[in-house]
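Got the viewer open? Let's walk through this one selection at a time.

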Amino acid sequence: MGRSSLCDAWSVRDVVGHLVMPFTHSMPKVLLGVLKARGNWHRFSEGAARENGRRPTGDLVALLREHADDPWAPPGGGLIGALTDLTVHSLDIARPSGIDPEIADETALAVLDNLVSPKARKAFDVDLSGLLLESTDADWRHGAGRPVRGTTVDLILAVSGRAGALLEGEGAPTLERVS
């Protein structure tokens, strides 16, 4: 199955398979796939990611390189949704692989702002009520209440429901998930 990622039930290959899905699945193929999954987007997406993840490594790398500059936005998510998806899933791969990702401050802050929006909070099913999130490496904070401090990368992981975020503060246990 390959190395585990931080994305529940997906290997690193599956996460890459998910990232290339916009370039391997046309809209008609997506719609048909969702219909076959009885209208369940998540079931379809998980299957498509695993299907793509079985492609040869060279093909996956070639797809990522070939489409690196393609403008793509998930339906209903816009460009910030695409940036958030790419950033979170890159961390899903990097952290368990022992890679220290280089994420521009501007990108990390835009992703954090998106992740704390009502729409993203609903999608990721993470309750931030009563918490004050504070970045330790950038001028960013959100909310009010018990403090939760961490780097922008660790806050992105925590707010997107990933395990292994290194957090501190009175509210940290609320967001921490064990790997």
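Contact, on this tour, means heavy atoms within 4.5 Å. Keep in mind that you're looking at a predicted model.

**Stop one: helix H1.** Select residues 12–19. H1 is mostly covered, with seven of its eight residues buried. Those are Val-12, Asp-14, Val-15, Val-16, Gly-17, His-18 and Leu-19. Now show what surrounds them: the buried residues of H1 pack against helix H2 (21–24), H4, helix H5 (57–66) and H6.

**Stop two: helix H4.** Pick residues 41–53 and display the side chains of Trp-41 and Phe-44. How many aromatic pairs are there by the count used here? The count comes to one. Trp-41 and Phe-44 form it, in a tilted arrangement, 5.5 Å centre to centre with 50 degrees between the planes. The two are separated by about one helical turn, because they sit three residues apart in H4. Is Phe-44 buried or exposed? Phe-44 has 8% relative accessibility, so it counts as buried. Trp-41, at 39%, counts as partly exposed.

**Stop three: helix H6.** Select residues 78–97 and put a distance between the end C-alpha atoms: they are 29 Å apart. At 1.5 Å a residue, the 20 residues should span 28 Å, so the two values agree. Next, colour the buried positions of H6: Gly-81, Ala-82, Thr-84, Thr-87, Val-88, His-89, Leu-91, Asp-92, Ile-93 and Ala-94. They pack against H1, helix H7 (105–115) and helix H9 (152–159). Before leaving, step just past H6 to Gly-98, which takes a positive phi of about 75 degrees.

**Stop four: the largest nonpolar core.** This core has 24 residues, and those touching the most other members are Leu-128, Leu-133, Val-148, Ile-156, Leu-167 and Leu-175. H6, H7, strand E1 (131–135), H9 and helix H10 (172–175) each supply at least two residues. Which element gives the most to this core? H9 does, with six residues.

Centre the view on Leu-175. Leaving out residues up to four places away in sequence, Leu-175 touches Val-126, Asp-127, Leu-128, Leu-131, Leu-133, Val-148, Ala-158 and Leu-167.

**Last stop: the other core.** Apart from the largest core lies another, made up of eleven residues, including Cys-7, Val-15, Leu-60 and Ile-93. Two of these names should ring a bell: Val-15 is among the buried residues of H1, and Ile-93 is among those of H6.

Notes. Residues are numbered from 1 along each chain as its sequence is written. This is a predicted model: local features need pLDDT of at least 70, side-chain atom pairs count only at pLDDT 80 or more; totals for chains, interfaces and linings use all residues. Side-chain values use heavy atoms; hydrogens and water are left out. Helices (H or I, at least four residues) and strands (E, at least two) are DSSP runs, numbered from the N terminus. The expected span of a helix is 1.5 Å times one less than its number of residues. Buried means under 20% relative accessible area, exposed over 50%, partly exposed in between (1.4 Å probe, protein chains only). Rings of Phe, Tyr and Trp (its six-membered ring) pair if their centres lie within 6.5 Å; planes under 30 degrees apart count as stacked, over 60 as edge-to-face and the rest as tilted. A nonpolar core is a set of buried Ala, Val, Leu, Ile, Met, Phe, Trp, Tyr and Cys residues joined through side-chain atoms within 4.5 Å.
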